[in-house]
Number of protein chains: 2
Amino acid sequence: MVRDDGSGAGGVDPQKLWQSPQQPRKGRKPAFSREAITAAAVALADAEGIDAVTMRRVASQVGAGVMSLYSYAPDKETLLRLMVDQVNGELSPPDPLTGDWRADLKAIAHAQRALMLRHPWLPAALFNRRWSLGPNTLAFLEHALAALRPAALDGGAKLEVFSLITGFTARLVADEIAQAAFSASPELAAAEARYLASVAADGHHPELAEALSAPARPLTPDATFARLLDRMVDGLDAGS
Amino acid sequence: MVRDDGSGAGGVDPQKLWQSPQQPRKGRKPAFSREAITAAAVALADAEGIDAVTMRRVASQVGAGVMSLYSYAPDKETLLRLMVDQVNGELSPPDPLTGDWRADLKAIAHAQRALMLRHPWLPAALFNRRWSLGPNTLAFLEHALAALRPAALDGGAKLEVFSLITGFTARLVADEIAQAAFSASPELAAAEARYLASVAADGHHPELAEALSAPARPLTPDATFARLLDRMVDGLDAGS
DNA sequence: TGCGTTCCCGTACCACGTACGAGAATAGTA
DNA sequence: TACTATTCTCGTACGTGGTACGGGAACGCA
């Protein structure tokens, strides 16, 4: 079951998860691999959305029985964490650092945004579960911390900034994706527009009416993201 | 099924949902009410988490049969939207505006944070679904737009700022809640600490090792939120 | 060859959202 | 007062989901 809030606090010991004790020599040889299973799950999520990622469908995609998956991940929640870490691997190798930490931070955010657009389920997957620091995620975090080295921030603040930028990016990309899906359905968009028009006309929401009556700026999502990111990053270096 | 990404774009016409055509005079009288059902769902989510909100449990809580709920909400997704709008009603009446839009915006964010702490499922509920503008949400949005009136922003930018502040608050509160749940389990926290220590000691993550070795600042979540909020809001007024 | 170990996966259970449709309650009409 | 149309209630049932259980198959080693 997909956790919808922050409670529950994840259940698997990270050492058991990420630091596998290599192959023992005895017993039947594994017919599949954690990587292949995770890749199949990612492909499914990319193609049909996160709801398509069920244990049955992932299993059939890799040619395994359903319960075989449980030899590679103790539960579905863990499989989702593996998915997140696997796609984070696409962030390597990152752009080399320039020494300008603001510019480097922006480059990091842009790379994350591109990743999230490639895997539209990623923003929600990040929001819904606690950070799970697999090897790829750790590598990228390490890179981000290196980028922040010239900034006058202590360790905790650096981690905070990284989390903030990631969350900011996830939110904007989620909006962007939702907006795209929404606009793709003319009837839904029309219904929404009709509703907003009736609200604006009811006399109880003058500010909203005015905000909606402003001419829609033809800004691309890219421009909006870049502009807000600049604001946010430039606002970060005001001394504590 | 809980939507986990932004796709799917919600399915109910907002006019049908929010602008009910009052009571028709004919037919059997309703035994329950949308408000009571929503309140029961909210109470359940507050007490046991969002996963406890199932149609069966909500129904038994209000003393109804399961299928009776479908006379008041066409599906579970809609019930979740009703929940969000109902708790947004707790934001009224808001603090009066001072005319200092930055201060007013901060007050708005603090009110939202308090609401989210009271209803820990709210951040994820907001993140996972598209904005659903029920009457209470609209009233609060109207208030926020009024607060932004003195700012030199066009209509679209005001809406953007509101969305940004809400998302920022949701993210920090989600972290805060997750952290609290995590710390509440000594064994989980210990396992994580052990894992991080081993990562820091592996020699491949010097920046992370340094960041973690910094003495933990004894900052309260309140202070952290206030500090980051100040940075963010003060960074907003740099001209576009 | 046998044994211990590891992995594969068919079957089964329970919980979920919700479609269907029969029955009960109500208001308007004759 | 009957009749009827309308509106709501809710028991049953279906399909799908995660996953516990446990028997059997494949492998390394003695």
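**Group meeting: two protein chains and two DNA strands**

Good morning. I begin at DNA strand C: of the 25 residues around this strand, those that come nearest are A:Gly27, A:Arg28, A:Gly65, A:Met67 and B:Thr54. Here a residue is near a strand if its C-beta atom, placed from the backbone, lies within 6 Å of it. By class, the surface near DNA strand C has 10 nonpolar, 6 polar and 9 charged residues. Nonpolar covers Ala, Val, Leu, Ile, Met, Phe, Trp, Tyr, Cys and Pro; charged covers Asp, Glu, Lys and Arg; the others, Gly among them, count as polar.

A word on the source. This is a predicted model, in which local features need pLDDT of at least 70 and side-chain atom pairs count only at pLDDT 80 or more, while totals for chains, interfaces and linings use all residues. Residues are numbered from 1 along each chain as its sequence is written, and chains are lettered from A and ligands numbered from 1 in the order in which they are written.

Which residues come nearest to DNA strand D? They are B:Gly27, B:Arg28, B:Ala31, B:Gly65 and B:Met67, out of 25 around that strand. The surface near DNA strand D divides into 10 nonpolar, 6 polar and 9 charged residues.

I turn to chain A. The chain holds 11 helices and 0 strands; helices (H or I, at least four residues) and strands (E, at least two) are DSSP runs, numbered from the N terminus. Its C-alpha trace spans about 75 × 50 × 30 Å along the principal axes. Of the 240 residues in chain A, 38% are buried. Buried means that 20 or more other C-beta atoms lie within 10 Å of a residue's own; exposed means 12 or fewer, and partly exposed lies in between, with C-beta atoms placed from the backbone.

The domain assignment of chain A, which comes from an automatic or database source, gives domain 1 (27–73) and domain 2 (89–236). Their centres, taken over C-alpha atoms, are 30 Å apart. Each domain of chain A gives 4 residues to the contact between them; two residues are in contact if their C-beta atoms, placed from the backbone, lie within 7 Å.

Next, the two chains together. Their contact takes 63 residues from chain B and 63 residues from chain A. On the side of chain B that touches chain A, H8(B) gives the largest share, 13 residues. That side comprises 33 nonpolar, 12 polar and 18 charged residues.

How are the copies related? A turn of 180 degrees and a shift of 0.0 Å along the axis lay chain B on chain A with an RMSD of 0.1 Å. This is therefore the relation of a two-fold axis. The superposition is by least squares on the C-alpha atoms of residues with pLDDT of at least 70 in both copies. In chain B, B:Gly235 comes closest to the rotation axis, at 2.2 Å (C-alpha). The same surface serves both copies, as 98% of the contact residues of chain B recur in chain A.

Finally, the interior. The largest nonpolar core has 111 residues, and A:Ala41, A:Met83, B:Ala41 and B:Met83 have the most contacts inside it. Such a core is a set of buried Ala, Val, Leu, Ile, Met, Phe, Trp, Tyr and Cys residues joined through C-beta atoms within 7 Å. Helix H8 (residues 155–183) of chain A supplies the largest share of this core, 13 residues. Not counting residues up to four places away in sequence, B:Ala41 touches B:Val53, B:Val58, B:Leu79 and B:Met83.
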